[in-house]
Amino acid sequence: MQVRKLKTYSIEVKHDCTEAIRFSYLLLSDVHWDNPHCDRALLKKHLDMAKVRGAGIMVFGDFFCAMQGKYDPRGAKGNIRPEHDVPNYLDALVDSAAEYLLPYRENIIVITPGNHETSILKRLETDLTGRLCAALGVQTCAYAGWVMLRYRSSSSSAVKNISYHHGYGGGGPVTKDVIQASRRSVYLPDADILVSGHTHDRWIFPIQRVRLNKGGQQHLQEQLHIKLGTYKDEFTSGAGWAVERGMPPKSMGGVWMTAEIVKKQGNLSVILRAELS
């Protein structure tokens with residue numbers, strides 16, 4: 001696997017298909033790793049599974065919670081881990097997160113910022129995501145952008161495009177943000193997979209589209225919409241901001257995605273599948 005940045009908003013991931021015919025990915029968002037309510041046991045389980053499977057790891061925003069800094073109106077004394085209760089709070093977040101993720105560095109494809117990280121950049125003028133990625137030697141990218149998955153054999157190649165956006169809005173207690181899938185499908189026609197997080201909902205929703213090739217023949221093409229959950233459990237404690245607002249429990253975990261490479265008459269085709277982690 002070779003990863004390189006193409007633009008500030010896009011990266012390319014090259015896979016050699018000479019021998020391998022199946023590739024795996026772990027898609028994550030809203031880990032909120034430094035929050036005491038983060039289920040680190042579940043996170044470690046999934047990261048360890050990714051390492052065993054040789055899966056690429058992509059984190060699409062809000063790896064950090066980062067709300068306990070000085071002058072942050074969102075802060076609460078009970079929402080900080082002891083190792084981060086230090087004068088250089090933001091430095092401690094980056095250093096400890098880099099140490100935690102170091103065993104998985106070879107699997108990490110990209111870590112992008114979410115609204116928690118952009119809030120710190122705006123308020124305190126430091127890029128937590130950029131600093132973490134620099135410490136690990138991995139790629140970061142914009143709040144929204146593209147990941148191009150390129151599969152190559154000696155004679156052919158195929159590409160699958162992931163359009164990602166950390167997310168926006170509240171999701172809705174009934175729609176769970178599914179309503180956005182149809183909207184995104186209209187203005188992102190080149191995306192094979194659309195990924196977002198932010199609302200802490202989790203689902204997989206395929207949309208079939210009718211496409212027309214250059215020869216005038218129509219064919220069906222599936223666009224896969226993926227909503228990523230969280231690793232922060234704000235419900236079971238019975239107290240706190242989410243409970244006081246009457247918010248329901250959220251789906252914990254990420255999504256596994258696999259790409260199966262099919263070789264037929266010298267050409268490559270890619271079959272995508274996704275399942276909840």
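In this predicted model, helix H2, which spans residues 89–101, packs with helix H4, residues 128–136, at an angle of about 40°, and the axes of the two helices are 9 Å apart. An angle of that size makes H2 and H4 oblique to each other, and the handedness of their crossing is right-handed. On the H2 side the contact is made by Leu-90, Asp-91, Leu-93, Val-94, Ala-97, Ala-98 and Leu-101, and these meet Leu-128, Arg-131, Leu-132, Ala-135 and Leu-136 of H4. Sorted by class, the residues of this contact comprise 10 nonpolar and two charged ones, with no polar residue among them.

Within H4 itself, the residues that count as buried are Leu-128, Thr-129, Leu-132, Cys-133 and Leu-136. Because the arc they cover around the axis is only 125°, these residues are placed on the same side of H4. The cover over them includes H2, and also strand E5 (108–112), helix H3 (115–124) and strand E6 (139–140). Three of the buried residues, Leu-128, Leu-132 and Leu-136, also appear in the contact with H2 described above.

Returning to H2, one may look at Ala-92, which has its place in that helix. Ala-92 has a relative accessible area of 12%, and it is therefore buried, since the limit for a buried residue is under 20%. When residues up to four places away in sequence are not counted, Ala-92 touches Glu-83, His-84 and Val-86.

A second helix with a buried side is H5, which covers residues 179–187 and in which Gln-180, Ala-181, Arg-184 and Ser-185 are buried. Seen down the axis of H5, these buried residues fall within an arc of 140°, and so they line one face of the helix. The face turned away from that buried side carries Val-186 and Tyr-187, both of which are exposed. As for what lies against the buried residues of H5, they pack against strand E9 (193–196), strand E10 (203–212) and strand E11 (218–227).

One residue of E10 gives a more detailed view of this region, namely Phe-205, which is found in that strand. Its relative accessibility of 31% is the reason why Phe-205 counts as partly exposed. Leaving aside neighbours within four places in sequence, Phe-205 is in contact with Val-178, Ala-181, Gln-223, Leu-224 and His-225; of these, Ala-181 is one of the buried residues of H5. Along the chain, Phe-205 and Lys-7 are 198 residues apart, and their C-alpha atoms are separated by 28 Å.

The loop that leads into H5 also deserves attention. Asp-177 is found in the loop between strand E8 (157–165) and H5, and although this residue is not a glycine, it has a positive phi of about 75°. Most residues other than glycine have a negative phi, which gives the context for such a value. Asp-177 has a relative accessible area of 3%, and it is therefore buried. A comparable description applies to Asp-30, a residue of the loop between strand E3 (22–28) and helix H1 (40–53). The phi of Asp-30 is near 55°, again a positive value in a residue other than glycine, and with a relative accessibility of 0% Asp-30 counts as buried.

Among the strands, E7, residues 144–152, contains Val-147. This valine counts as buried because its relative accessibility is 1%. Not counting residues up to four places away in sequence, Val-147 touches Ile-11, Val-13, Met-58, Phe-60, Lys-160, Asn-161, Ile-162 and Tyr-164. The C-alpha atom of Val-147 is separated by 35 Å from that of Thr-236, a residue 89 residues apart from it along the chain.

Gln-265 offers a contrast in accessibility. This glutamine is found in the loop between strand E12 (255–264) and strand E13 (267–276), and its relative accessible area of 76% makes it exposed. The C-alpha atoms of Gln-265 and Thr-112 are separated by 38 Å, and the two residues are 153 residues apart along the chain.

Note on methods: Residues numbered from 1 in each chain as written. Predicted model: local features only at pLDDT ≥ 70, side-chain atom pairs only at ≥ 80, totals over all residues. Heavy atoms only, no water. Buried < 20%, exposed > 50% of the residue type's maximum accessible area, 1.4 Å probe, protein only. Helix = DSSP H or I, 4+ residues; strand = E, 2+ residues; numbered from the N terminus. Arc of directions from axis to C-beta. Contact = heavy atoms within 4.5 Å. Axes fitted to C-alpha atoms, helices over the stretch in contact; angles between N-to-C directions. Parallel < 35°, antiparallel > 145°, perpendicular 65-115°, else oblique. Left-handed = near helix turned anticlockwise from the far one by under 90°. Nonpolar A, V, L, I, M, F, W, Y, C, P; charged D, E, K, R; others polar.
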